[in-house]
Amino acid sequence: MDWNFWKNMIDATNINTIVTVISIICAIYSFRQAKSAKKYKEETRNLMHMFDLFKYSERFHSELKNFITISRGVNWNKGRNMAELFGKLSALIQDMNQILPMINNSDTVNAISQDCNVLKSMLYDEISLMITSKKIIIERFDNIDKLLSQYITKQKSLVK
């Protein structure tokens with residue numbers, strides 16, 4: 001055997017080894033970058049959900065405040081367009097179906113869902129507009145408002 005043959009063989013083997021090691025390093029780097037991009041995408045999606053939740057929560061709080069203001073007094077329902085008022089409240093409850101999937105806390109989702117179900121049955125059916133019904137409506141809306149606010153506050157502290 002010729003010395004040049006072995007020298008060429010060693011050089012080719014070394015070059016193949018070096019290329020293989022570089023390829024493995026590049027693959028590991030690409031995997032880490034992909035994992036980092038996935039994490040960044042998830043964080044961005046969560047942040048966008050927070051904006052949607054915050055916007056809905058503000059709308060919810062505003063409509064609740066409006067209902068409380070309008071419904072003061074014993075004869076609060078006399079001379080008012082109740083279909084419009086309850087239509088706004090019903091729309092809030094219906095829009096909750098788009099918001100609940102954005103909430104990552106199952107206890108909060110369950111509590112809000114229960115309150116929404118009670119409100120749906122009261123607002124969608126023919127309800128008597130007695131003071132007790134108004135009180136239940138306000139309590140349920142207030143509880144949902146409180147749960148949304150607590151969740152958003154907790155999530156905002158995690159985003160920082």
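**Exercise 1. Work out how Arg45 sits in the model and what its side chain pairs with.**

Start with exposure: Arg45 has a relative accessible area of 40%, so it is partly exposed. The cut-offs are under 20% for buried, over 50% for exposed, and partly exposed in between, using a 1.4 Å probe and protein chains only. Before going on, note that this is a predicted model, where local features need pLDDT of at least 70, side-chain atom pairs count only at pLDDT 80 or more, and totals for chains, interfaces and linings use all residues. Residues are numbered from 1 along each chain as its sequence is written, and side-chain values use heavy atoms, with hydrogens and water left out.

Next, the partner. Arg45 makes a salt bridge with Glu42, and the closest N and O atoms are 2.4 Å apart. For a salt bridge, a side-chain nitrogen of Lys or Arg has to be within 4 Å of a carboxyl oxygen of Asp or Glu. Glu42 is partly exposed because its relative accessibility is 36%.

Last, the location: both residues belong to helix H1, three residues apart, which is about one turn of the helix. Helices here are DSSP runs (H or I, at least four residues), strands are E runs of at least two, and numbering goes from the N terminus.

**Exercise 2. Find how many salt bridges the whole structure has, and which helices the pairs Asp95–Arg59 and Arg140–Asp115 link.**

Step one is the count: a search of the whole structure turns up three salt bridges.

Step two takes Asp95 and Arg59, whose side chains meet at 2.7 Å, N to O. This pair ties together distant parts of the chain, with Asp95 in helix H2 (residues 82-99) and Arg59 in helix H1, 36 residues apart. Asp95 is partly exposed because its relative accessibility is 23%, and Arg59 is partly exposed too, at 33%.

Step three takes Arg140 and Asp115, with the closest N and O atoms 2.8 Å apart. Here, too, distant parts of the chain are linked: Arg140 is in helix H4 and Asp115 in helix H3, 25 residues apart. Arg140 comes out partly exposed at 28%, whereas Asp115 has a relative accessible area of 5%, so it is buried.

**Exercise 3. Trace the aromatic cluster that contains Phe60.**

Begin with the search, which finds two aromatic pairs in the whole structure. In one of them, Tyr56 and Phe60 are tilted, 5.9 Å centre to centre with 45° between the planes. Rings of Phe, Tyr and Trp (its six-membered ring) pair if their centres lie within 6.5 Å; planes under 30 degrees apart count as stacked, over 60 as edge-to-face, and the rest as tilted.

Now place the residues. Tyr56 and Phe60 are both in helix H1 (residues 3-70), four residues apart, about one turn of the helix. Tyr56 is buried because its relative accessibility is 5%, and Phe60 is buried because its value is 0%.

Then follow Phe60 to its other partner: Phe60 and Phe141 form a tilted pair, 5.3 Å centre to centre and 40° between the planes. That pair bridges distant parts of the chain, from Phe60 in helix H1 to Phe141 in helix H4 (residues 131-159), 81 residues apart. Both of these Phe residues are buried. Put together, the ring pairs join Tyr56, Phe60 and Phe141 into a cluster.

**Exercise 4. Decide whether Thr108 and Gln114 are buried or exposed, and look at what surrounds Thr108.**

Thr108 is in helix H3 (residues 106-124). Its relative accessible area is 11%, so Thr108 is buried. Leave aside neighbours within four places in sequence, and Thr108 is in contact (heavy atoms within 4.5 Å) with Ile103, Leu147 and Tyr151.

Gln114 is also found in helix H3, but Gln114 counts as exposed because its relative accessibility is 54%. For a distance check, Gln114 and Ile144 are 30 residues apart in sequence and 9.6 Å apart in space, C-alpha to C-alpha.

**Exercise 5. Describe the protein chain as a whole: its helices, buried share and contacts.**

First, the elements: the chain has four helices and zero strands, in the pattern α-α-α-α along the sequence. Second, burial: 28% of the 160 residues are buried. Third, contacts: among those between residues at least 6 apart in sequence, 75% join residues at least 24 apart.
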